[in-house]
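Biologist: Please take a close look at charge pairing between side chains in this model, and then follow the contacts outward from there. I would like each term given with its cut-off as you reach it.

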Amino acid sequence: MTEEITLETAPFDPRFPNQNQTRQVELARSQQHCYVSYVDYHRCIKIKGEDFEPCNYFKKVFTSLCPNAWVEQWNTQREENRFAGPL
């Protein structure tokens, strides 16, 4: 049997409105939303633990928006204690 896969995009986040903006501005906001969601996820699991289900909201967002290469680079930086973000 084949497993059914459901694809979802990041839900609306009022911190990143994008109505009536140029494509370049919209792309910049999407990149910012990606980074902030990555940071929010890791801050959430640091404070609440990996089993805290609401943290997965941020994980779903950054895995949907961020290029894999960025996430891999940030993960490496975190492991080496040189990630510049506020974790």
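Modeller: A salt bridge is taken here as a side-chain nitrogen of Lys or Arg within 4 Å of a carboxyl oxygen of Asp or Glu. This is a predicted model, in which local features need pLDDT of at least 70 and side-chain atom pairs count only at pLDDT 80 or more, whereas totals for chains, interfaces and linings use all residues. Residues are numbered from 1 along each chain as its sequence is written, and side-chain values use heavy atoms, with hydrogens and water left out.

By the rule just given, the count comes to one salt bridge. Glu80 pairs with Arg82, and the closest N and O atoms of the two are 2.5 Å apart. Glu80 itself is partly exposed, at a relative accessible area of 46%, where buried means under 20%, exposed means over 50% and partly exposed lies in between (1.4 Å probe, protein chains only).

From Arg82 the contacts (heavy atoms within 4.5 Å) lead to Gln77, which touches both Arg82 and Phe83 when residues up to four places away in sequence are not counted. Gln77 has its place in helix H3, helices (H or I, at least four residues) and strands (E, at least two) being DSSP runs numbered from the N terminus. With a relative accessibility of 14%, Gln77 counts as buried.

Phe83 leads in turn to Tyr38, whose contacts, again leaving out residues up to four places away in sequence, are Phe62, Val71, Trp74, Asn75, Arg78 and Phe83. Tyr38 is also one of the residues with the most contacts inside the largest nonpolar core, together with Tyr41, Phe62, Cys66 and Trp74, in a core of 13 residues. Such a core is a set of buried Ala, Val, Leu, Ile, Met, Phe, Trp, Tyr and Cys residues joined through side-chain atoms within 4.5 Å. H1, H2 and H3 are the elements that give two or more residues to this core, and its largest share, six residues, comes from H1.

Two other residues of H1 deserve attention alongside Tyr38. His42, in helix H1, is buried with a relative accessible area of 10%, and beyond its neighbours up to four places away in sequence it touches Asn75, Arg78 and Leu87. Asn75 and Arg78 are also among the contacts of Tyr38. Asp40, likewise found in helix H1, is buried at a relative accessible area of 16%, and its contacts outside that sequence window are Arg15 and Phe58.

Phe58 brings the path to H2, whose buried residues are Cys55, Phe58, Val61 and Phe62. Seen down the axis of H2, these buried residues fall within an arc of 125 degrees (taken over the directions from the helix axis to the C-beta atoms), so they line one face of the helix.

Cysteines add further links, as the structure holds two disulfides, each a pair of cysteine sulfur atoms within 2.5 Å. One joins Cys34 to Cys66 with an S to S distance of 1.9 Å, and with 120 degrees about the S-S bond this link is right-handed. Cys34 lies in helix H1 (residues 23-48) and Cys66 in the loop between helix H2 (55-65) and helix H3 (68-79), so the pair ties together parts that are 32 residues apart in sequence. Both Cys34 and Cys66 are buried.

The other disulfide joins Cys44 to Cys55, with an S to S distance of 1.9 Å, and at -80 degrees about the S-S bond it is left-handed. Here Cys44 lies in helix H1 and Cys55 in helix H2, so the pair ties together parts that are eleven residues apart in sequence. Cys44 and Cys55 are both buried. With the bonded cysteines numbered in sequence order, the pairing is 1-4, 2-3.

As for the setting of all this, the protein comes to three helices and zero strands, in the pattern α-α-α along the sequence. Of its 87 residues, 26% are buried. Among contacts with a separation of 6 or more, 60% are between residues 24 or more positions apart. The protein exposes about 6800 Å², of which carbon and sulfur atoms supply 50%, the areas coming from the Shrake-Rupley method with a 1.4 Å probe, where for residues only the protein chains shown count as cover.
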